[in-house]
Structure formats: structure tokens, C-alpha cells
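Please brief me on this protein model. I want the sheet, one cysteine and the charged pairs, in short points.

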Amino acid sequence: MNHYFTDNRHLAQNRKEITFRFSCFTCHFLTDNGVFCKDHVDAGSQLLLETIERHGPLGERVLDLGCGYGTIGIVLKKLYPNSAMTMAEINPRSLELAQENAQRNEVEVRCVHSDVYSGVEGNTFTDIITNPPIRAGKNVIYNIFEEAWNHLADQGTLWVVIRKQQGARSAVTKIKEVFGNCDIIHKEKGYFILKAKKALTI
């Protein structure tokens, strides 16, 4: 079976354009077969964006991990134009769309092909933001949380959206193991928005 987090470029193309209105922005996104939520922006991503807007601003260097066709990273770049945005994705088709969508929406971002953090350099991100690929399995999801620590600067923040029925409570426990903290900053329609801070002890 092919999933949106695998290389599925052999699937027939069926590109379409969707419109997403957020805050004072209207964004236009190209989507295609074999990408996550191709017909609309998913509720989890929208709730994550709304929560970050309320609890922001973001820092100087932001990573959108598992960016899909670019919704979260592109919208946040519009909200916080002074933040340098890196968008990482394992699915080549999704990554190509993310690059095109960034151009279409006139934002400057860096797009990298990456299996979790394999294509991401450095440990200086002020924020890592993810709507993780639940179907990839718990090992992949927990690796995202564990390795986030190594790619965040001191006082950097991990932002996660995850549904209650897909393991939100166990995700909180895991993130606390890694970071020593994890706040549930918003809950709505079965989604949890989690926030953890990397604080180095002296």
C-alpha cells in the first residue's frame, strides 16, 4: 500500500488547486494524488496554525517537519516574514508541490528532502512544528520527538498537533521524557496542540 509519507511518484497525477483563507491571507495550494489531505486543508493543521498565531510569535529559524504540500510553513511565513522557514518532507511529490506553492504564494522558504531529520542540518532551530504522519507508526512519531531535541537551539520550542484517538496522551508522556516538559496548550474537536521547551541545565 502506498502512503503519503512514501515515494509514490508512480501514481497517476491529478493536480488540483485549493484555496485556504487564514487570518488576513488567502493562499492557493496545488495538491495531487498521493499527498496528505489533497482536497482541503486538514482540521489539525488549521487548529495548529490558529494556536501558534495566538501563542506566537515564532523565533528566527523555523522548521516545518513533514510539510506535505506546504500549508503550515507557507502560512506561517506569511504571518512571520522575519522567520527563516525550512520545510522538510520525505515524499518527493509533496516536496515538489511545496516548492511550487511557496512560489505561487510569494514566500521565500527552503525546501529539503528529508526522512525525518536526515536532510536537515544543524541544531539551531528556534521552533520545530509538526503535524506528524500518524500512519507511519509510533516508532517514526517518537523519533520525531526524540530527535527534535538535537535540532533545537536552547529555549527552542517543539509544536505538535495530534488527535486524542491517535495517541495524544502517550505523545505527551513521550515528549515529557525527552524535554522534561510538555504543555497541552489547546484542545478542540479531538485534537491536542502540544508545546515543549528545550531548556538546557547548567
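A salt bridge is a side-chain nitrogen of Lys or Arg within 4 Å of a carboxyl oxygen of Asp or Glu. Arg15 and Glu100 form one, with their closest N and O atoms 2.9 Å apart. Keep in mind that this is a predicted model. The structure holds 8 salt bridges. It also has an open sheet of 7 strands.

**The sheet**

- The strand order is 5-4-3-6-7-9-8, and the pairing is mixed.
- Strand 5 (110–113) and strand 8 (183–188) are the edge strands, so named because each pairs on one side only.
- On average, neighbouring strands of this sheet are turned by 15 degrees against each other, direction ignored.
- Strands of a sheet pair through backbone hydrogen bonds, either parallel or antiparallel.
- Strand 3 (residues 61–65) and strand 4 (residues 84–89) pair in the parallel sense, over 5 bridges.
- Within strand 4, Met85 is the residue that stands opposite Val62.

**Helices on the sheet**

- Helix 4 (residues 138–151) lies across strand 3, strand 6 (125–130) and strand 7 (152–163).
- The angle between helix 4 and strand 7 is about 160 degrees.
- Helix 5 (residues 168–179) packs on the sheet and touches strand 7, strand 8 and strand 9 (191–197).
- The direction of helix 5 makes about 5 degrees with that of strand 9.

**Cys67**

- Where does Cys67 lie? Cys67 is in the loop between strand 3 and helix 2 (71–79).
- Is Cys67 buried or exposed? Its relative accessible area is 7%, and buried means under 20%, so Cys67 is buried.
- Leaving out residues up to four places away in sequence, Cys67 touches Met87, Ala88, Glu89 and Ala98.
- Phe36 is 31 residues from Cys67 along the chain, and their C-alpha atoms are separated by 9.7 Å.

**The Arg15 salt bridge**

- The Arg15–Glu100 pair links distant parts of the chain, 85 residues apart.
- Arg15 sits in the segment before strand 1 (16–22), and Glu100 sits in helix 3 (residues 92–104).
- Arg15 counts as partly exposed, at 32% relative accessibility.
- Glu100 also counts as partly exposed, at 23% relative accessibility.

**The Lys174 salt bridges**

- Lys174 and Glu146 meet through their side chains in a salt bridge, at 2.7 Å from N to O.
- Lys174 lies in helix 5 and Glu146 in helix 4, so this pair ties together parts that are 28 residues apart in sequence.
- Lys174 is buried, with a relative accessible area of 14%.
- Glu146 counts as partly exposed, because its relative accessibility is 32% and that class runs between 20% and 50%.
- Lys174 also meets Glu177 in a salt bridge, at 3.7 Å from N to O.
- Why are Lys174 and Glu177 separated by about one helical turn? The reason is that they are 3 residues apart in helix 5.
- Glu177 counts as exposed, at 58% relative accessibility.

**A shared network**

- Which residues are joined into one network by salt bridges that share partners? They are Arg15, Glu96 and Glu100.

How values were computed:
Residues are numbered from 1 along each chain as its sequence is written. This is a predicted model: local features need pLDDT of at least 70, side-chain atom pairs count only at pLDDT 80 or more; totals for chains, interfaces and linings use all residues. Side-chain values use heavy atoms; hydrogens and water are left out. Two strands pair if DSSP finds at least two bridges between them. Helices (H or I, at least four residues) and strands (E, at least two) are DSSP runs, numbered from the N terminus. Axes are lines fitted to C-alpha atoms, for helices over the stretch in contact, and angles run from 0 to 180 degrees between N-to-C directions. Contact means heavy atoms within 4.5 Å. Buried means under 20% relative accessible area, exposed over 50%, partly exposed in between (1.4 Å probe, protein chains only).
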